[in-house]
Amino acid sequence: MINVRYGNKGIELRTKDNKFLFQLQSRLQFRFSTPYDADPVTYDDYSQDTQTVFKINRARLKIGGHAFEPWLNYYWEYELSQSNLLDFRIMVEKWEWMSFKVGQWKTEFTRERFISSGEQQMAERSLINRPFTVDRQMGVEVYGHLKGKGIADFNYWAAALTGTGRGNTANDDNNLMYFGRAQWNFLGRFLDFEGCDLEFHEKPTPIIAFSAITNRSPYTRFSQAGGGSLDGFEDGLPGQYRVNQWNMETAFMYRGFSWQSEWHTKEIIDKYNNNDMTVMKGYYVQAGYFFHNVFDWWPKKLEMAARHASYKPDNSIRQNRQDESTLAFNWFFKGHKNKLTSEFSYFSFEDKTLPLEQGWRFRIQWDISL
């Protein structure tokens with residue numbers, strides 16, 4: 001016998017013995033943006049012709065559940081608007097202290113990138129996401145939650161990955177990408193990857209995490225499209241770039257207040273050109289609050305959030321910096337499943353050889369899961 005219902009993850013089909021579960025969900029994201037949509041990356045981006053944009057920014061189909069046993073889970077996600085298979089993975093989660101995963105997924109290197117685009121606090125991720133994300137990779141991973149008493153509460157992730165990005169089924173050389181993340185839940189309470197305190201945590205819930213990656217490949221950056229090149233780097237040959245990255249992360253939630261931050265360092269070593277090394281640095285800080293906890297007139301479904309991000313493409317150059325400041329408002333019709341986000345962003349671009357450039361952007365976005 002199969003039970004059919006509509007749950008938090010869409011349409012669910014579950015056998016009576018709970019040996020099999022099938023979940024089907026779709027998500028649409030509509031966005032209006034002016035005078036442009038993408039973050040400015042180069043100096044010339046600030047002088048581009050203004051272009052008001054209305055588009056379907058994301059159109060996702062998600063399938064997940066478990067098979068044969070409740071602890072043998074599966075998940076895949078497809079981007080319909082670009083015909084991209086984003087995620088496909090099998091998870092063995094029989095023990096909380098040690099689980100296994102194989103397939104393709106978003107590496108848990110950064111909190112901002114790993115949080116689903118449908119559960120972000122802003123309309124989009126910050127300025128530093130492009131240079132520092134590791135995005136989706138294929139490989140194997142072991143992870144778990146070590147529940148000690150009090151401060152002895154940790155989560156860990158460790159993976160060996162191809163290091164060539166989404167959709168690339170083969171490696172370019174004999175070098176794999178190696179990834180590790182350690183998260184300290186120092187008040188003994190785990191904080192999930194989520195962007196707002198919709199759960200209204202009754203107890204303070206902070207975390208500190210450190211993650212690191214090393215990889216050698218033709219690529220200096222990754223995105224949903226796969227491997228690519230950052231500005232200033234030529235398209236690489238197999239094994240040309242050794243990339244080492246570190247990220248220090250904090251997050252906190254308590255009674256409608258949320259905080260998160262990341263501090264990044266990235267080394268790019270050109271193994272084909274005298275081991276030339278470029279060091280990049282970046283950070284963001286972000287906070288949000290449901291002000292109805294303070295003001296009776298403030299609507300309960302409205303959250304206000306702010307973010308500041310800064311990026312140095314070459315840390316050896318003093319006047320070499322890009323900044324973003326964003327103020328956002330979220331109206332939650334039905335949590336993250338149906339929400340409206342509006343935001344105002346201010347950008348600046350500083351280079352010692354060029355005049356200071358500045359610009360504004362406004363976006364409004366409706367995200368709905370069905």
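**Close-up views of a predicted model**

A search of the whole structure, which is a predicted model, finds 27 salt bridges. The legends below take up some of these contacts, then a group of paired strands, and finally a cavity.

**View 1. Asp37 and Arg363 form a salt bridge.** The closest N and O atoms of Asp37 and Arg363 are 3.3 Å apart. Asp37 lies in the loop between strand 3 (21–34) and strand 4 (53–66), whereas Arg363 belongs to strand 20 (residues 354–369), so the salt bridge ties together parts that are 326 residues apart in sequence. Both Asp37 and Arg363 are buried. These two residues also take part in a network of salt bridges, in which they are linked with Arg31, Asp39, Lys55, Arg58, Glu124, Arg125, Glu343 and Arg361.

**View 2. Asp231 and Arg130 form a salt bridge.** In this pair, the closest N and O atoms are 3.4 Å apart. The contact links distant parts of the chain, since Asp231 sits in the loop between strand 13 (226–228) and strand 14 (241–254) while Arg130 is found in helix 2 (residues 129–132), 101 residues apart. Asp231 has a relative accessible area of 47% and is therefore partly exposed, because this class lies between the limits of 20% for buried and 50% for exposed. Arg130, with 27% relative accessibility, likewise counts as partly exposed.

**View 3. The side chains of Arg136 and Asp135 meet in a salt bridge.** The N to O distance in this contact is 3.9 Å. Are the two partners buried or exposed? Arg136 has a relative accessibility of 3% and counts as buried, and Asp135, with a relative accessible area of 2%, is buried as well.

**View 4. Strand 15 pairs with strand 14 and with strand 16.** Strand 15 covers residues 257–270, and eleven of its 14 residues are buried, so this strand is largely enclosed by the rest of the structure. Strand 14 and strand 15 run in the antiparallel sense and are paired over 14 bridges; as an example, Asn244 has Glu267 in strand 15 as its bridge partner. Strand 15 is also joined by 14 bridges to strand 16 (residues 276–289), again in an antiparallel arrangement, and here Trp259 has Ala287 in strand 16 as its bridge partner.

**View 5. Two hairpins involve strand 15.** How many residues lie between strand 14 and strand 15 in their hairpin? There are two residues between these strands, and Arg255 in the turn has a positive phi of about 45 degrees. The hairpin of strand 15 and strand 16 has five residues between the strands, and in this hairpin Asn274 takes a positive phi near 60 degrees.

**View 6. The structure holds one cavity of 30 Å³ or more.** The largest cavity has a volume of about 60 Å³. Its lining consists of Val134, Met177, Ile213, Asn215, Tyr219, Thr220, Arg221, Phe222, Val243, Gln245 and Lys266. Which elements give two or more residues to this lining? They are strand 11 (205–217), strand 12 (221–223) and strand 14. When the lining residues of the largest cavity are divided by character, six are nonpolar, three are polar and two are charged.

How values were computed:
Residues are numbered from 1 along each chain as its sequence is written. This is a predicted model: local features need pLDDT of at least 70, side-chain atom pairs count only at pLDDT 80 or more; totals for chains, interfaces and linings use all residues. Side-chain values use heavy atoms; hydrogens and water are left out. A salt bridge is a side-chain nitrogen of Lys or Arg within 4 Å of a carboxyl oxygen of Asp or Glu. Helices (H or I, at least four residues) and strands (E, at least two) are DSSP runs, numbered from the N terminus. Buried means under 20% relative accessible area, exposed over 50%, partly exposed in between (1.4 Å probe, protein chains only). Two strands pair if DSSP finds at least two bridges between them. On a 1 Å grid over the protein atoms alone, a cavity is a set of points where a 1.4 Å probe fits but cannot get out, and a pocket is an open set with protein on both sides within 12 Å along at least five of seven lines; lining residues have an atom within 4 Å of a point. Grid points are joined across faces, edges and corners, and a volume is the space filled by probe spheres set on the points. Ala, Val, Leu, Ile, Met, Phe, Trp, Tyr, Cys and Pro count as nonpolar, Asp, Glu, Lys and Arg as charged, and the others, Gly among them, as polar.
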